[in-house]
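Let's take a friendly walk through this model, from its charged pairs to its surface patches. Have the structure open as you read.

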Amino acid sequence: MSDQELHLLEEKVDSLLRYCEQLVSERDDFRRQTQEQASQLKELENKLVRFEEERENVRLRVSDLLGKIDQVDTFSKGTEDTDIARQTAMPLGV
């Protein structure tokens, strides 16, 4: 093997080593990115669960408030009928 062939072989081996180092570096970057994304996904899943729980709590509270409003409306209508009956001096239900 000549000196020139040996030098060419050394360059190719060096080039191959640099390429392998680049691949290892990219692999490590992808692993890090994957871990970060997995962590973000877990965090988003936890937020979603909390939002769904909060949404259910809000739905129950709104439903309860609507029920109370209906009770006030029913009470108010009964009071209005009594007030009208007093103003006209007519008995209720006539």
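## Salt bridges and surface patches

At a relative accessibility of 47%, Arg59 counts as partly exposed. This is a predicted model, and Arg59 is a good place to start. Which residue does the side chain of Arg59 meet in a salt bridge? The partner is Glu56, with 2.7 Å from N to O. Glu56 is partly exposed as well, at 35% relative accessibility. Because Arg59 and Glu56 are 3 residues apart in helix α1, about one helical turn separates them.

Now for the wider setting. The protein has 1 helix and 0 strands, and helix α1 covers residues 3-88. How much of the protein counts as buried? Of its 94 residues, the figure is 1%. A residue is called buried when its relative accessible area is under 20%, and partly exposed when the value lies between that and 50%. The accessible surface of the protein comes to about 9000 Å², and carbon and sulfur atoms account for 56% of that area.

Back to the charged pairs. Side chains of opposite charge can pair when their charged atoms come close. How many salt bridges does the model hold? The count comes to 4, and the table lists three pairs, including the one already met.

| Pair | Closest N and O atoms |
|---|---|
| Arg59 and Glu56 | 2.7 Å |
| Asp64 and Lys68 | 3.6 Å |
| Arg27 and Asp28 | 3.3 Å |

Asp64 and Lys68 both lie in helix α1, where they are 4 residues apart, or about one turn of the helix. Are these two side chains buried, exposed or in between? Asp64 is partly exposed at 42% relative accessibility, and Lys68 is partly exposed too, with a relative accessible area of 45%.

For the pair of Arg27 and Asp28, the closest N and O atoms are 3.3 Å apart. Arg27 has a relative accessible area of 40%, so Arg27 is partly exposed. Asp28, at 37%, also counts as partly exposed.

Let's turn to the patches. Which residues form the negative surface patch? They are Asp3, Glu10, Glu11 and Asp14. Residues of such a patch have over 30% relative accessible area and no salt bridge. Glu11 has its place in helix α1 and counts as partly exposed at 40% relative accessibility. That value is over the 30% that a patch residue needs, which means Glu11 meets this part of the rule.

There is also a nonpolar surface patch, of about 500 Å². Met1, Leu6, Leu9, Val13 and Leu17 make this patch. Where does Leu17 lie? Its place is in helix α1. With a relative accessible area of 48%, Leu17 is partly exposed, and therefore Leu17 too passes the 30% cut-off for patch residues.

Definitions and conventions. Residues numbered from 1 in each chain as written. Predicted model: local features only at pLDDT ≥ 70, side-chain atom pairs only at ≥ 80, totals over all residues. Heavy atoms only, no water. Patch = residues over 30% accessible without salt bridge, like charges linked within 9 Å, V, L, I, M, F, W, Y side chains within 5 Å. Areas by Shrake-Rupley, 256 points an atom, 1.4 Å probe, with all protein chains shown as cover. Helix = DSSP H or I, 4+ residues; strand = E, 2+ residues; numbered from the N terminus. Buried < 20%, exposed > 50% of the residue type's maximum accessible area, 1.4 Å probe, protein only. Lys, Arg positive; Asp, Glu negative; His and termini not counted. Charge placed at Lys NZ, Arg CZ, Asp CG, Glu CD.
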